[in-house]
Amino acid sequence: MRKSRKRVAGVSAAALAGAGALLATSLSAPPAAADVAAPGDNPYEGSQLYVNPDWQASATEAGGAAIADTPTAVWLDSIDAITSGSDGNNNMGLREHMDEALAQGADAIQIVTYNLPGRDCAALASRGELEPDQIDEYKTDFIDPIDAILEDPAYADLKVINIVEIDSLPNLITNVGDRETATPECDEMKANGNYVKGVGYNLGALGDNGNVYNYIDIGHHGWIGWDNNFQATADVLYEAANAEGASPEDVTGFAANTANYGATEEPYFSIDDVAGDGPIREGNSSWVDWNRYVDELSFAQAFVTEAATAAGFPSGLGAIIDTSRNGWGGPERPTGPGDISGPGEDYVNDSRTDRRIHLGNWCNQAGAGLGERPTASPEPNIHAYAWIKPPGESDGASEEIPDDDKGFDRMCDPTYEGNARNQYNMSGALDGAPTSGHWFQAQFEELMANANPPVN
Ligand code: BGC
């Protein structure tokens with residue numbers, strides 16, 4: 001299978017990673033299995049997080065030494081990734097990462113399990129290796145081997161934060177049936193039940209390990225923040241949390257904004273604002289457009305305290321917000337609110353720090369910057385601001401690349417004029433991008449330059 005080893009200035013990421021991995025052998029075996037993680041436990045609290053040496057080496061070589069010791073998640077995006085690293089920018093397998101985490105003296109490692117059958121049913125940039133009906137392979141060839149590593153008593157004291165299958169269950173609400181945004185692929189995954197079954201199996205099998213903390217993906221406010229998506233998403237998550245051996249006790253919380261660009265907090269306007277021509281929520285701002293939320297923090301908190309509990313999840317769960325690329329600093333960032341006495345359209349556009357063309361744009365967004373550095377318990381019900389998408393790794397190729405296993409999604413093409421999912425706006429993507437997961441130097445440099453808080 002394809003695996004491009006990134007080499008910069010003659011040093012491979014694997015070579016740099018190897019130095020740390022050697023240290024692991026000098027550690028003595030930790031004690032056996034901890035108690036099952038209880039709902040409400042926050043694995044980030046007081047924890048030193050694992051720094052992925054693969055990403056660290058790439059970021060250092062790319063001019064990001066100042067932020068290269070930031071913890072980022074390890075993506076398990078194929079069966080091969082379990083033993084030899086994810087597509088594109090990574091070389092270490094899961095066991096090497098676990099050993100290296102022990103060597104670093106880390107308390108917790110963040111992983112993303114991302115290989116469902118029929119993956120990425122509403123886009124092409126991250127189409128996966130398993131066909132829509134390959135649920136058995138997902139269980140036996142993907143989740144079971146991961147489980148076999150995580151249950152090794154050598155790792156019993158290392159907390160494993162599992163971000164479960166991003167961009168999957170929300171698609172079963174928004175991109176199916178008679179909606180204008182529906183795709184045949186998402187209709188199929190809804191009909192065959194394999195997203196629900198796969199997530200259930202993942203939660204149950206991995207969650208049975210006392211050191212594993214599962215967070216189920218909830219998309220982001222610009223996707224699930226509308227009334228007709230919000231509770232329905234929580235309900236399908238609850239269905240998955242009761243499927244294929246899972247129970248709600250296997251769920252620690254929810255992951256918002258993974259690999260997306262929504263601002264954590266919009267400082268200069270809020271959903272209740274009333275502009276010169278009326279409440280901004282009620283149709284006079286095409287940016288807000290009846291959404292209930294204007295940022296990820298308000299969305300994630302409401303999801304935990306309102307939708308999740310209404311669906312049947314226990315109260316006291318948490319959410320994490322991916323802040324790796326949602327900083328929106330730099331010269332385009334507004335420094336205060338717009339004129340609230342004028343039209344809502346202008347007021348919101350002049351106030352918002354999220355400078356995307358449309359909230360539905362998701363691929364390699366021009367103008368984005370690094371966001372909040374990872375922080376535990378920053379706000380009520382928020383377990384962490386975390387860097388889940390490693391900055392500098394592409395969301396998708398900006399043009400067709402021959403023989404690419406992943407597809408070409410025009411949402412990554414800067415000349416594309418959009419589809420129903422971004423209401424026919426320009427894609428806002430950067431040009432010159434490689435396949436998803438591969439290193440995108442120009443994007444990394446822009447993220448550094450537009451970081452908010454800035455990089456010192
Ligand atoms: C890609 C994965 C990659 C991940 C992190 C996803 O979009 O499909 O291959 O590991 O991003 O960069």
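The ligand in this predicted model is surrounded by Trp-75, Asp-77, Ser-86, Asp-87, Tyr-114, Ser-126, Lys-389, Glu-393, Lys-406, Ser-436 and Gly-437, where a residue is near a molecule if one of its heavy atoms lies within 4 Å of it. Residues are numbered from 1 along each chain as its sequence is written, and side-chain values use heavy atoms, leaving out hydrogens and water. Local features need pLDDT of at least 70, side-chain atom pairs count only at pLDDT 80 or more, and totals for chains, interfaces and linings use all residues.

By class, this shell has two nonpolar, four polar and five charged residues; Trp and Tyr count as nonpolar, Asp, Glu and Lys as charged, and Ser and Gly as polar.

Let me turn to the polar contacts, meaning pairs of N or O atoms within 3.5 Å. A polar side-chain atom of Asp-77 lies 2.5 Å from an oxygen atom of the ligand. For Lys-406 the corresponding distance is 2.6 Å, and for a side-chain N or O atom of Ser-126 it is 2.7 Å. The protein covers 96% of the 310 Å² of accessible area that the ligand has on its own, by the Shrake-Rupley method with a 1.4 Å probe.

I close with Ser-427, in the loop between strand 12 (382-386) and helix 14 (441-449); these elements are DSSP runs, helices being H or I with at least four residues and strands E with at least two, numbered from the N terminus. Is Ser-427 buried or exposed? Ser-427 counts as buried because its relative accessibility is 0%, the cut-off being under 20%. The Ser-427 side chain reaches the backbone oxygen of Asp-413 at 2.7 Å.

Technical notes. Polar contact = N/O pair within 3.5 Å; in protein donor to acceptor, adjacent residues only side chain to side chain. Buried < 20%, exposed > 50% of the residue type's maximum accessible area, 1.4 Å probe, protein only.
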